[in-house]
Amino acid sequence: MTAKLNIQRLIADLGGASAAAKITGTVRTAPYGWISRNYVSSSVLEKIKSHDPDLDLDAYFDEEHDEAKDEAGGSPPIS
């Protein structure tokens, strides 16, 4: 099992893409890029946390079942 940050839910809870962009000091379309790349930098997360210190970022991590690992009985091969 691995944990994956649910960026889309985080952005929605911040009030949408425009609000997330304003909070982080980025352009309005940046949050859509975070979702499509499935990546948010630590500096962006720091800005979000600074805006709302009580926000529990751990709540936005979802457990993922790693099927490739389970089927092979270990780690998936590196290609």
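The largest nonpolar core in this predicted model is built from 15 residues. Within that core, the residues with the most contacts are Ile-7, Leu-10, Leu-14, Trp-34, Ile-48 and Leu-55. Four elements chip in two or more residues each: helix 1 (7–14), helix 2 (17–24), helix 3 (30–37) and helix 4 (42–51). Helix 1 is the top contributor, giving 4 residues to the core. Leu-14 is a handy place to look at how this plays out. Setting aside its neighbours within four places in sequence, Leu-14 touches Ala-19, Ala-20, Ile-23 and Ile-48.

Next comes the packing of helix 2 on helix 3. Their axes sit 8 Å apart and cross at an angle of about 105 degrees. Since angles from 65 to 115 degrees count as roughly perpendicular, helix 2 is therefore roughly perpendicular to helix 3. On the helix 2 side, the residues involved are Ala-17, Ala-20, Ala-21 and Thr-24; on the helix 3 side, they are Pro-31, Tyr-32 and Trp-34. Sorted by class, this contact has 6 nonpolar residues, 1 polar residue and no charged ones. Two of the names here have already come up: Trp-34 is among the core residues with the most contacts, and Ala-20 is one of the contacts of Leu-14.

As for charged pairs, a search of the whole structure turns up 2 salt bridges. One of them joins Glu-64 to Lys-4, with the closest N and O atoms 3.7 Å apart. Glu-64 belongs to strand 2 (residues 61–64) and Lys-4 to strand 1 (residues 2–5), so this salt bridge ties together parts that are 60 residues apart in sequence. Neither end is buried, because burial would need a relative accessible area under 20%: Glu-64 comes out at 34%, partly exposed, and Lys-4 is likewise partly exposed, at 33%.

The other salt bridge pairs the side chains of Arg-9 and Asp-62, at 3.3 Å from N to O. This one also links distant parts of the chain, with Arg-9 in helix 1 and Asp-62 in strand 2, 53 residues apart. Arg-9 has a relative accessibility of 30%, which counts as partly exposed, and Asp-62 falls in that class too, at 29%. Strand 2 thus supplies a residue to each pair, with Glu-64 reaching strand 1 and Asp-62 reaching helix 1. Helix 1, for its part, holds Arg-9 of this salt bridge and also gives the most residues to the nonpolar core.

Technical notes: Residues numbered from 1 in each chain as written. Predicted model: local features only at pLDDT ≥ 70, side-chain atom pairs only at ≥ 80, totals over all residues. Heavy atoms only, no water. Core = buried A, V, L, I, M, F, W, Y, C linked by side-chain atoms within 4.5 Å. Buried < 20%, exposed > 50% of the residue type's maximum accessible area, 1.4 Å probe, protein only. Contact = heavy atoms within 4.5 Å. Axes fitted to C-alpha atoms, helices over the stretch in contact; angles between N-to-C directions. Parallel < 35°, antiparallel > 145°, perpendicular 65-115°, else oblique. Nonpolar A, V, L, I, M, F, W, Y, C, P; charged D, E, K, R; others polar. Salt bridge = Lys/Arg side-chain N within 4 Å of Asp/Glu carboxyl O.
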